[in-house]
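Hi everyone, and thanks for coming. Please bring up the sequence and the structure on your screens, and we'll walk through a few parts together.

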Amino acid sequence: PLAGNLDATDPVWIALQPVFRLAGALSVIWEMGAPLFFSRHAHWWGIFGVLMHLGIAAGMSLGIFSWGVLSLYPVVMWPFLCGLFDRLDRRLGVDVA
């Protein structure tokens, strides 16, 4: 209630309550999956995190929070991104010497 700016009694929000519960459960599951960061599945953890924080940025007024967290994902996903860029270069026929 201290940070909320929506009327919880509005019928629109009451109808969307199952969506909010699902989104909350998925974010708790994602947060508990943080040890995946230390595994070969880190890129999947990062992709879901990027999507989640983009959703937070679009749907909530939390200032710079989402953008600050999003700025860290390239560091977390660097090995995956390098491999992705290499595959893209090969597919486009770019010769990186």
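**Aromatic pairs and a helix crossing**

Let's begin with a tryptophan: W13 is partly exposed, because its relative accessible area is 28%, and that lies between the 20% limit for buried and the 50% limit for exposed. Before I go on, please keep in mind that this is a predicted model.

Now, how many aromatic pairs does a search of the whole structure find? It finds four. In one of them, the ring centres of W13 and F20 are 5.8 Å apart and the planes sit at 35°, so this pair is tilted. F20, like W13, has its own accessibility value: a relative accessible area of 44%, which makes F20 partly exposed.

Here is another pair to find on your screens. W30 and F48 are also an aromatic pair, with 6.5 Å from centre to centre and 45° between the planes, and this pair is tilted. Where do the two partners sit? W30 belongs to helix α2 and F48 to helix α3, 18 residues apart, and the pair links distant parts of the chain. Is W30 buried or exposed? W30 counts as buried, because its relative accessibility is 8%. F48, by contrast, is partly exposed, at a relative accessible area of 34%. Both of these residues also belong to a cluster, in which ring pairs link W30, W45, F48 and Y73.

Let's turn to helix α3 itself. This helix covers residues 42–59, so to speak its full 18 residues, and spans 25 Å from the first C-alpha to the last, close to the 26 Å expected at 1.5 Å a residue. Which residues of α3 are buried? They are A42, H43, W45, G46, G49, M52, H53 and I56. The cover over these buried residues includes α2 (17–32), α4 (65–70), α5 (73–76) and α6 (78–92).

Finally, let's see how α2 and α3 meet. Two packed helices are described by the angle between their axes and the distance between the axes. For α2 and α3, the axes come within 11 Å and cross at roughly 140°. That angle makes α2 oblique to α3, and the crossing is left-handed. On the α2 side, the contact is made by L26, S27, W30 and E31. On the α3 side, W45, F48, G49, M52 and H53 take part. If you look for W30 and F48 there, you'll meet our tilted pair again.

How values were computed. Residues numbered from 1 in each chain as written. Predicted model: local features only at pLDDT ≥ 70, side-chain atom pairs only at ≥ 80, totals over all residues. Heavy atoms only, no water. Helix = DSSP H or I, 4+ residues; strand = E, 2+ residues; numbered from the N terminus. Expected span 1.5 Å × (residues − 1). Buried < 20%, exposed > 50% of the residue type's maximum accessible area, 1.4 Å probe, protein only. Contact = heavy atoms within 4.5 Å. Phe/Tyr/Trp six-rings, centres within 6.5 Å; stacked < 30°, edge-to-face > 60°. Axes fitted to C-alpha atoms, helices over the stretch in contact; angles between N-to-C directions. Parallel < 35°, antiparallel > 145°, perpendicular 65-115°, else oblique. Left-handed = near helix turned anticlockwise from the far one by under 90°.
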